[in-house]
Amino acid sequence: MQTERSRSKLNKIVPQPEAIELIPESMARRYMVMPLEIKGNTISVAMQDATDIYTIEALEAHTKKRIEITIATAVEIQEAIDDNYQSYDEIEKHISNIPLSINTDEPQIALDSVSNAPVARAITLVIQEAVKARASDIHLQPEIDKLRIRYRVDGLLHDTITMPVNAATMLISRIKVLANMNIADHHHPQDGQFSVETTGNRSIDIRVGIIPTVYGEMATLRLLDKSKAVMTLEELGFLPESLTLYEKMLRVPYGMILISGPTGAGKSTTLYASVNSLDLIGRNVITIEDPVEYRFERINQIQVNPRAGLTFAAGLRSILRLDPDVVLVGEIRDSETAQIAIQAALTGHLVLSSIHANDAASIVFRLLDLGVEPFLVSTALIGVVAQRMVRRICPDCAKPREVSLIEEMMYSMENSEDKYPSITGRHKFMYGEGCKSCGNTGYRGRMGIFEILNMSDDIKALLLAQATPAQLRTQALKDGMIPLIKDGMLKVKTGITTPSEVLRNAYTVD
């Protein structure tokens, strides 16, 4: 063994392919090491403990080389392994061994076929690669001449693997078996779920939806990583003043707080973080969700089941007889649920829920559209939050660069008192150039941008006076509300995200 190198960040090092081939992924994960470089009769590896003689001896015996050590943290090593060991070739090898067709009219024959090693291993590897890529969803989409497998990473879909179209039936059937679906039914939509243990003992819950298309059945797998289920309010991306305001709203003993945003905007994450910030020992917290994505201690969670008559409205009505202090309703979708939720907020309960609306002011009027009287809304509503998700700039490849004129103008407008500021000099903004850490996208991870409307006395008076959404929004801005796009541009100013990312997610025409 040679002496260790100086400590350095692994994400700045590009490992040699020859070094990666010399130490297989299973061994790298077992001993938590990352091969970096071969120089003659020496191979340099990253590991946590330079005094771990057993690991060093195992590596020397396997590689037949002397070991040079670079010290790194467990997190850095894990990320380096995920980034550099990819199993796409192995997936294709297993796919080539899959039978061309199965007889799905005979369920037992079909079950035996899709349980064989190549099919099972291929699906396992597809899931493992998705987890390593930080994907939230896997899409298996059959086309006329191929099966496309796509991963959704940081909110955007990326093509990853293309397979022969005749592999689609076997792969979809295997997913059906895992999710306890009807393997012989190819004509109706089906839903199910299953759990897997991936490398590093990470437990992943997978929610599956399958539906027939003109080219065969397509499947979408939602990956729910339990290790990332709990986030604090600070980690969501609130600006300091916005966080202070939102925490003040949560301290109100009873009333209603609503979160709004499109699908995938992080509403559930914000609701979970809000509940987990409360006193869970001294309060009875009950949720009703569709579906229950993550399970938490000290919280009573109820799954909506329309077939059994357990809808949001029916469940909420029953919850109120169980002495709750805090009620989380997954989504307010109809008039009945809205009415019961408002009554719960008026009778001494803190009610948290999500609702679909474009901005904070529209949330208030969405309740009116659902038939809730203005005086009830003004009395029960504590405040509302509109949110979106934007991608974070990858810290490993961030470089300053000039942007388009529209991005420059929107940034200047949101960070200037002048409505139409003149552009005298071009700013440079941080952008990711693309590297291995971020999959060459320039972004790694996401955060929220928020618009918080607090129900002030002036807002309540306007609501009772039947003001328009525009009037309500104008008053909210006077009260100090930070608009979505300005919240995003303030994060651009600190180098967290980019102007184009904010505009893509938050720009609206007033």
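This passage describes the fold, the nonpolar cores, one sheet and one helix pair of a predicted model.

The protein chain contains 20 helices and 18 strands. Of its 510 residues, 49% are buried. Contacts were considered at a sequence separation of 6 or more; within that set, 63% link residues 24 or more positions apart. The accessible surface of the protein chain is about 24,300 Å². Carbon and sulfur atoms contribute 50% of that surface.

In soluble globular proteins, nonpolar side chains tend to be buried together. Here, the largest nonpolar core has 57 residues. The members that touch the most other members are Met-256, Leu-258, Ile-332, Val-364, Leu-381 and Leu-453. Helix α13, spanning residues 335-346, gives the most to this core, with 6 residues. A separate second core comprises 34 residues, including Ala-122, Val-126, Val-131 and Leu-147.

The surroundings of Val-364 were examined with neighbours within four places in sequence left aside. Val-364 is then in contact with Val-377, Leu-381, Met-455, Leu-463 and Leu-472. Of these partners, Leu-381 is also listed among the core residues that touch the most other members. Leu-463 lies in helix α17 and Leu-472 in helix α18.

Helix α17 covers residues 457-464, and helix α18 covers residues 469-478. Their axes come within 10 Å and cross at roughly 170°. Angles over 145 degrees count as roughly antiparallel, so α17 is roughly antiparallel to α18. On the α17 side, the interface involves Asp-458, Ile-459, Leu-462 and Leu-463. These residues meet Gln-471, Leu-472, Gln-475 and Ala-476 of α18.

An open sheet of 3 strands was also examined. Its strand order is β1-β2-β3, and the pairing is mixed. Strands β1 (34-39) and β3 (66-71) form the edges, each pairing on one side only. On average, neighbouring strands of this sheet are turned by 25° against each other, direction ignored. Strand β2 spans residues 42-47 and runs antiparallel to β1, with 5 bridges joining the two. Met-34 stands opposite Ala-46 of β2.

Two helices accompany this sheet. Helix α3 (residues 53-63) lies across β2 and β3. The direction of α3 is at about 135° to β3. Helix α4 (residues 74-84) packs on the sheet and touches β1 and β2. The direction of α4 makes about 75° with that of β1.

Technical notes:
Residues are numbered from 1 along each chain as its sequence is written. This is a predicted model: local features need pLDDT of at least 70, side-chain atom pairs count only at pLDDT 80 or more; totals for chains, interfaces and linings use all residues. Side-chain values use heavy atoms; hydrogens and water are left out. Helices (H or I, at least four residues) and strands (E, at least two) are DSSP runs, numbered from the N terminus. Buried means under 20% relative accessible area, exposed over 50%, partly exposed in between (1.4 Å probe, protein chains only). Contact means heavy atoms within 4.5 Å. Accessible areas come from the Shrake-Rupley method with a 1.4 Å probe; for residues, only the protein chains shown count as cover. A nonpolar core is a set of buried Ala, Val, Leu, Ile, Met, Phe, Trp, Tyr and Cys residues joined through side-chain atoms within 4.5 Å. Two strands pair if DSSP finds at least two bridges between them. Axes are lines fitted to C-alpha atoms, for helices over the stretch in contact, and angles run from 0 to 180 degrees between N-to-C directions. Angles under 35 degrees count as roughly parallel, over 145 as roughly antiparallel, 65 to 115 as roughly perpendicular and the rest as oblique.
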